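Student: Could you walk me through this structure? I have not looked at it before.

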Amino acid sequence: MPAITSVSRHDESHSCSHATGTASFEYLPKSSLDRLRKINHFLIHAFQNSISVIQENLTGTYLFLLTDTNGVLLSMNYSSDLQDVVEHSPIRPGMFFTAECCGVNAISVTMDNNTPVLLLPEQHESPYFQSWHCYAAPLYMGSQHFGYLDVSTINANMQGELIAIAKLIPAYMQNSYQSQKAAEPCEKPAVEFTKRQLTILEMIAEGLTVKAIALQLKIKECTVNHHKKVIFNKLGVQSSTEAVSIASRLSYL
């Protein structure tokens, strides 16, 4: 179980506030967060279901965080005795947990190293987090990387329990996630693409530029850009990265 002492990693548009002394806390705009949470609704639901099951057997003080692959906080949960602490903290959905946005923390370290990490209070860069013992790990469903999980406590005597809990949650989440997916209606989502749009979507997913797509399909670059705009509008996204992510989850890729 690696305990990393230092290291220090974004999305397109974000706002910031809450200066920390080493960095500023930054947040995804509400409209972007709402879209991101909608994309990840199965994951968020699985996370909350898993926490509700585990919390029935906990007596300690814990904070649970779920971020996407960019370190954006999607959902959180915590023991009842932490309510006042959390409500008066900068932690809320949409917060970026990259080192650049809130200083070195357990999530930022596991993002950089792609391995589980236990970070002690003094190893956090932001003074706000320097009373927390945090265990963070990449979160996978099968072979697909969905984001990062963080379980934190302010009690040093609970480090062993902290790690055990963090290792249990992904298994609960996977079961819940798969149950939701199995119960999902089998019919195709109400997004219709033409054959040409699907071809361009696949080429975007392969990382081809507009110029490369135009050359391969023997069409003008402005035509490719028009198709991209239509694809983005149908998926409700603003970037190629978002388009590929949503199209993959809707089984178009």
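Student: To begin with, how much area does the protein chain expose, and what share do carbon and sulfur atoms supply?

Tutor: The protein chain exposes about 12500 Å², and carbon and sulfur atoms supply 52% of that area; accessible areas come from the Shrake-Rupley method with a 1.4 Å probe, and for residues only the protein chains shown count as cover. Please keep in mind that this is a predicted model, in which local features need pLDDT of at least 70 and side-chain atom pairs count only at pLDDT 80 or more, while totals for chains, interfaces and linings use all residues. Residues are numbered from 1 along each chain as its sequence is written, and side-chain values use heavy atoms, with hydrogens and water left out.

Student: What does the secondary structure come to, and how much of the chain is buried?

Tutor: The chain has ten helices and seven strands, where helices (H or I, at least four residues) and strands (E, at least two) are DSSP runs numbered from the N terminus. Buried residues make up 46% of the 253 residues, with buried meaning under 20% relative accessible area, exposed over 50%, and partly exposed in between (1.4 Å probe, protein chains only).

Student: Switching to charges, how many salt bridges are there?

Tutor: The structure holds two salt bridges, each being a side-chain nitrogen of Lys or Arg within 4 Å of a carboxyl oxygen of Asp or Glu. In one of them, D34 pairs with K30, and their closest N and O atoms are 2.8 Å apart. In the other, the side chains of R35 and E242 meet at 3.1 Å, N to O.

Student: Where do R35 and E242 sit in the chain?

Tutor: R35 lies in helix 1 and E242 in helix 10 (residues 240-249), so this pair ties together parts that are 207 residues apart in sequence. R35 counts as buried, at 19% relative accessibility.

Student: And why are D34 and K30 separated by about one helical turn?

Tutor: That is because they are four residues apart in helix 1 (residues 30-39). D34 counts as partly exposed at 38% relative accessibility, whereas K30 counts as exposed at 62%.

Student: What about empty space inside, how much lies in the largest cavity?

Tutor: The largest cavity holds about 90 Å³ of space. The 13 residues lining this cavity include L65, F97, F129, C134 and S152, which are the closest to its centre. Strand 3 (63-67), helix 5 (106-113) and strand 7 (144-153) are the elements that give two or more residues to the lining. On a 1 Å grid over the protein atoms alone, a cavity is a set of points where a 1.4 Å probe fits but cannot get out, and lining residues have an atom within 4 Å of a point; the volume is the space filled by probe spheres set on the points, which are joined across faces, edges and corners.

Student: Last topic, which residues other than glycine have a positive phi?

Tutor: N114 is one, with a positive phi of about 55°, and K218 is another, with phi near 60°. N114 is found in the loop between helix 5 and strand 5 and is partly exposed, with a relative accessible area of 41%. K218 is found in the loop between helix 8 (210-217) and helix 9 (221-235), and K218 is exposed, at 74%.

Key:
On a 1 Å grid over the protein atoms alone, a cavity is a set of points where a 1.4 Å probe fits but cannot get out, and a pocket is an open set with protein on both sides within 12 Å along at least five of seven lines; lining residues have an atom within 4 Å of a point.
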